[in-house]
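Open the model in your viewer and keep the selection tool at hand. We will go from one charged side chain to the next.

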Amino acid sequence: MKKSLAAGILGLSLAATGMAQAEPVKIGVITTLSGGGAGLGIDMRDAFTLAIKQSGNKEVELVVEDDAQKPELAVQIAEKMIQSDKVDLLTGIIWSNLAMAVVPNAVAQDIIYLSPNAGPSALAGANCNKNYFNVAYQNDNFHEAMGQYANQDYKKTFILAPNYPAGKDSLTGFKRYYKGELAGEIYTQVGQTDYAAEIAQIRDSGADSVFFFLPGGMGIAFMKQYAQSGVTIPVMGPAFSFDQDMLPAIGDAALGVKNSASWSKDLDNEASKAFVEAFKAEYNRLPSVYAAQSWDTANLILSALSKASVKDKDAFRAALKAADFKSVRGDFTFNTNNHPIQNVYVREVVREGDVLTNKIIATAFEKHGDAYAEQCKM
């Protein structure tokens with residue numbers, strides 16, 4: 001059996017037969033590498049690639065393609081990977097509208113898809129599938145955490161998010177736990193870059209706080225314009241609006257902002273420390289939550305490959321479900337709907353030397369599942 005070249009970093013339990021380790025495995029990675037959301041996909045790709053490299057497993061082949069954040073292109077790529085490239089597994093999609101376009105058809109063809117990010121509610125409940133594993137979260141989760149946390153300080157929050165599945169899930173999640181009044185609720189356009197009208201509404205709303213989910217370039221644009229507007233109403237959001245890949249572009253306007261995540265670089269466990277060190281050494285930058293989730297996705301796959309053949313779908317699914325790997329998040333298990341049960345933290349944006357980053361200030365939820373698992377009939 002091949003041994004990992006970095007077993008200490010990966011923390012994998014390589015207790016499988018040599019046959020399982022030696023078998024060639026082709027993984028299709030569909031992610032966003034161009035356009036406004038490119039930074040998220042690049043972090044996903046880089047962490048996944050590094051995890052495979054660190055494992056020393058020479059039998060894993062990655063087929064990586066750019067979906068350009070276009071659902072129709074993602075569908076075409078997925079079909080090519082399944083029909084022509086003959087991939088064994090699919091992963092990589094960042095955006096929920098792309099996941100909704102690709103995943104149902106892929107799993108119907110008995111292809112196992114592992115999500116390193118997008119977690120739309122439609123795939124967590126009645127439409128769950130034995131071939132769909134979400135290794136990140138269910139979309140509502142981080143927003144639920146901020147709704148819970150907002151109750152400590154705020155009574156009248158203005159909320160906004162893009163008009164696509166993850167945006168709808170985000171505001172649903174926030175409202176599920178927030179007990180205060182809503183000063184306003186807006187769905188913006190996906191990819192929007194001008195938020196003058198929305199900021200004017202916030203200014204006039206009487207809100208004592210703002211919660212927004214605007215990942216990638218959307219969040220950068222909003223925060224820059226918000227800072228320039230002179231509006232001083234405090235903002236908060238999920239990690240995706242204030243994560244490591246976005247903070248350099250937002251700058252000091254992000255300082256002090258509270259945001260929620262299942263991981264932060266200051267999380268005190270050995271797997272996380274080793275991951276941060278390895279990522280920094282390879283790429284000369286700090287990893288984001290997207291990178292952490294992708295690293296875990298790769299290591300979950302590697303752990304399953306050490307136990308079962310990817311060709312034996314039942315055995316391989318069982319090996320995935322066992323989640324026998326060292327997650328950077330610490331305790332990690334799958335719920336009945338193949339979505340995570342995990343802690344969710346509240347972080348604050350701080351400056352460490354010349355670098356903007358996050359530190360954990362509270363635990364919003366411990367061993368938190370999602371609201372849709374009971375609808376899953378697997």
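Start with a group. Select Asp43, Arg45, Asp46 and Arg285: a network of salt bridges links these four residues. The model is predicted, so treat each distance below as computed from its atoms.

**Stop 1: inside the network.** Keep arginine 285 and aspartate 46 and hide the rest. Their side chains form a salt bridge, with N to O at 2.9 Å. This pair ties together distant parts of the chain, 239 residues apart. Colour helix H3 (residues 38-55) to place aspartate 46. Then colour helix H11 (270-283) and helix H12 (289-305); arginine 285 sits in the loop between them. Which partner is buried, and which is partly exposed? Aspartate 46 is buried, because its relative accessibility is 8%, under the 20% cut-off. Arginine 285 has 28% and therefore counts as partly exposed.

**Stop 2: a helical pair.** Move to helix H13 and select arginine 317 and aspartate 314. A salt bridge joins their side chains, N to O at 2.5 Å. Why is the separation about one helical turn? Because the two residues are 3 apart in helix H13. Now switch on a surface. Aspartate 314 is exposed, with a relative accessible area of 56%. Arginine 317 is buried, at 9%.

**Stop 3: lysine 80.** Select lysine 80 together with aspartate 85. They form a salt bridge, and their closest N and O atoms are 2.8 Å apart. Lysine 80 is partly exposed at 33% relative accessibility. Aspartate 85 has a relative accessible area of 19%, so it falls under the 20% cut-off and is buried. For the wider picture, the structure holds 20 salt bridges.

**Stop 4: arginine 329.** Go to the loop between helix H13 (313-322) and strand E11 (333-334), where arginine 329 is placed. Is this residue buried or exposed? Arginine 329 counts as buried, because its relative accessibility is 4%. Draw a distance from its side chain to the backbone oxygen of valine 135: the value is 2.6 Å. Next, show its neighbours, leaving out residues up to four places away in sequence. Arginine 329 touches Val135 and Ala136. Its contacts also include Ser262, Trp263, Leu267 and Asn269. Add Gln293, Asp296, Gln342 and Tyr345 to complete the set.

Notes:
Residues are numbered from 1 along each chain as its sequence is written. This is a predicted model: local features need pLDDT of at least 70, side-chain atom pairs count only at pLDDT 80 or more; totals for chains, interfaces and linings use all residues. Side-chain values use heavy atoms; hydrogens and water are left out. Helices (H or I, at least four residues) and strands (E, at least two) are DSSP runs, numbered from the N terminus. Buried means under 20% relative accessible area, exposed over 50%, partly exposed in between (1.4 Å probe, protein chains only). A polar contact is a pair of N or O atoms within 3.5 Å; within protein, one must be able to donate a hydrogen and the other to accept it, and residues adjacent in sequence count only if both atoms are side-chain atoms. Contact means heavy atoms within 4.5 Å.
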